[in-house]
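Got your viewer ready? Here is a walk through one protein model, stop by stop, with a note on what to select each time.

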Amino acid sequence: MEFPCGHKGLVKWVEETAAMCRPERVHWCDGSRKEYDEVMAESVRKGSAVALERRPDSFLFRSDPSDVARVESRTYISTSSPEDAGPNNNWIHPDKLKEKMRKLYSGCMRGRTLYVIPFSMGPVGSPLARTGIQITDSPYVVCNMHMMTRVGNEVIKALGTDGEFIPCLHSVGYPLKPGQKDLPWPCAPMEDKYISHFPEENLIWSYGSGYGGNALLGKKCLSLRIASNIARREGWMAEHMLILRLISPEGRKYHIAGAFPSACGKTNLSMIQPTIPGWRSETLGDDICWMKIREDGRLHAINPETGFFGVAPGTARSTNPVAMEMLERNTIFTNCALTDEGNVWWEDMGEPIPSHAIDWKGRDWNPQSNEPAAHPNARFTVPISQCPTKSPDWEDPEGVPIDIILFGGRRSGVIPLVCESFDWDHGVFMGATASSEATAAILDKVAAVRRDPFAMKPFCGYHMGDYFQHWLEMGDRLGDRAPRIFYVNWFRKDPKGRFLWPGFGENSRILKWMCDRLERKVEAVQTPAGLVPRVEDIATNGLSLGKDALPELLRVSARDWEGELEPIQDFFGELGSRLPLRLRYQLEALKRRVKDGRSCPEG
Ligand code: O2Y
Ligand code: MN
């Protein structure tokens, strides 16, 4: 083994890991394009990837049908005490979990290369950045990490001889016997998959899955689950948020951080093209946001990633033209369909349906086939540098000052199109009670409402009650320099089940209203839910909305909100004594407002 690094702690960890996992060789990644091209070429040669004839420098991987998404049931927060992991996480004691996983790791890389990936989340040298070292036996992970993070020698250099790093160990969990033929997508059976986090020692161990959030450990594991713990200890915030810059016709820049559960159009919003004349926007990130209070007393944000790992199905010129342009070259596709021309295709792509394709399982497919050609969680991986709307400041190591925090969810009724919080604590209550309906595709028409506080339910690496408390304390420190908080719901429907709001670029009209609120240009209407726009303050010129649509979108019915109270109370009840008192007060205040609202004639 060759160790291109003078960091004794790192070398020792790599040596010990190699002794346990028994790879055939060890490769230290330098992050170069040459390295990416070689690892990709090897993946093509071995039959794991297909080079796409119709898209320059682009490749298609097909996963094992059992390994297609994050697996929350196999994801653990392993702390000494189960209370610290909270009811929002699966828990096993670290000693027991490590014993179990060491057995799985023993010899698990036989016949494979162990790659050492030094990576930085955030610009190297930024006061907000963190270093990780991922060990993996997956070439797919190496190529994706190249796009999603800053990989290589500059990270090793910045670490020096004793710098701090977060060890991230990953194996697909499929050792090869001598002479055994490999699979295109090796992985372990579900019962052997573990995505484990040890926040007390900033350590990540992942075994058995090669897919996305389970395997690209810089993303959900480090940047959210482990970072949320570090951020709490150190007084900053690691959030599941997009970052967007909106620029007014006068050139005033507004920075928006937004948390939305999956299937709410977070990536689309991060690449919004405003439809209101004179307004522009720039993309800073679509998934993760690290925020810290700086010397000016404001919250500054960076996106620690360098790429997008987005859902392909539904991405189209009509929904996200920016993404479609970005994906024209140098993109890794996973679980999309392959056309006979050597291109990718997916459902709701807005391109003609091919008369024949190879589906994500590698089978012949035609429009009469009973299954979708692309998996619903098929993905693209692409560098931010290719994004046509990227902000020139997307890599600013100091971050951008956040003016507006958005929460949202997908609700067909009750929740208005937009609502401003009365103050920070009320905004935290909005984030804490955020909810979304599973789409009909998932739950066969029954629109079940699920609580997804701050869109962090699967990603908060500690007790959710303590997380709420951390948000409250950040507000105390920010005082009058705190961003303003808004809740949006682009998905309200009329009684016939049709969306009332057109969404996409038109959402800029709602973002503009928020900016007008910051500038004190418009008043708002006080409702039990919060502060809602006056109909006349939303710019609707050029929109073909029915005359009743906007009043309906902004309507807050105390009667409807009464139905929200019990589910919130039940959800808060699950958090037990760690639910902050200040959120209990918020719930009581909401109850009072709803009761008072009901006694109004229009209640
Ligand atoms: O299914 C996966 O492993 C990907 S999950 C993911 C990927 C990119 C951005 N967000 C998410 C998420 O689950 O929030
Ligand atoms: Mn996400």
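Start by selecting aspartate 516 and lysine 512: the two sit four residues apart in helix α14 (residues 508–518), so about one helical turn separates them. Helices here are DSSP runs of H or I with at least four residues, strands are runs of E with at least two, and both are numbered from the N terminus. Show the two side chains and you'll see them meet in a salt bridge, 2.8 Å from N to O. That term stands for a side-chain nitrogen of Lys or Arg within 4 Å of a carboxyl oxygen of Asp or Glu. Aspartate 516 counts as buried, at 7% relative accessibility. Buried means under 20% relative accessible area, exposed means over 50%, and partly exposed is in between (1.4 Å probe, protein chains only).

Before moving on, some housekeeping: this is a predicted model, where local features need pLDDT of at least 70 and side-chain atom pairs count only at pLDDT 80 or more, while totals for chains, interfaces and linings use all residues. Residues are numbered from 1 along each chain as its sequence is written, chains are lettered from A and ligands numbered from 1 in the order in which they are written, and side-chain values use heavy atoms, with hydrogens and water left out.

**More salt bridges**

How many salt bridges does a search of the whole structure find? The count is 47. For one of them, select glutamate 420 and arginine 484, whose closest N and O atoms are 2.8 Å apart. Glutamate 420 belongs to strand β26 (residues 418–420) and arginine 484 to strand β29 (residues 484–488), so this pair ties together parts that are 64 residues apart in sequence. Color by accessibility here: glutamate 420 is buried, with a relative accessible area of 2%, whereas arginine 484 is partly exposed at 29%.

Next, pick glutamate 398 and arginine 294, which form a salt bridge of 3.5 Å, N to O. Glutamate 398 is in the loop between β23 (379–383) and β24 (400–401), and arginine 294 is in the loop between β15 (289–293) and β16 (299–302), so the link joins parts 104 residues apart in sequence. Glutamate 398 is partly exposed, with a relative accessible area of 32%, and arginine 294 is partly exposed too, at 24%.

**The manganese ion**

Now select ligand 2, the manganese ion. Which protein atoms are its donors? They are Lys220 (NZ), His240 (NE2) and Asp287 (OD), lying 2.2 Å from the ion. Donors are N, O and S atoms within 2.8 Å of the metal (3.2 Å for Na, K and Ca); water is not among the atoms, so sites may look incomplete. Along the chain, the donors follow the spacing K-x19-H-x46-D. Histidine 240 lies in the loop between β11 (237–239) and β12 (242–247), and aspartate 287 in the loop between β14 (280–285) and β15, so the pair ties together parts 47 residues apart in sequence. Both histidine 240 and aspartate 287 are buried.

Keep Asp287 and Lys220 highlighted, then add Lys219, Lys266 and Glu305: these five residues are linked in a network of salt bridges.

**Ligand 1**

Select ligand 1 and show its surroundings, taking residues with a heavy atom within 4 Å of it. You should get 13 residues, and the closest are Arg70, Gly213, Lys220, Asn377 and Arg379. Two metal donors turn up again: a polar side-chain atom of lysine 220 is 3.0 Å from an oxygen atom of ligand 1, and one of histidine 240 is 3.2 Å from an oxygen atom of ligand 1. In the side chain of aspartate 287, an N or O atom is 3.3 Å from a nitrogen atom of ligand 1. The protein covers 89% of the 360 Å² of accessible area that ligand 1 has on its own (Shrake-Rupley method, 1.4 Å probe). Elements giving two or more residues to this shell are α7 (212–215) and α8 (218–234).

**Last stops**

Jump to helix α5 (residues 139–148): nine of its ten residues are buried, so the helix is largely enclosed by the rest of the structure. Among the buried ones are Tyr140, Cys143 and His146.

Finally, check the backbone of asparagine 202, which has a positive phi of about 45 degrees. Most residues other than glycine have a negative phi. Asparagine 202 lies in the loop between β9 (194–198) and β10 (203–207) and is buried, with a relative accessible area of 16%.

Technical notes: Polar contact = N/O pair within 3.5 Å; in protein donor to acceptor, adjacent residues only side chain to side chain.
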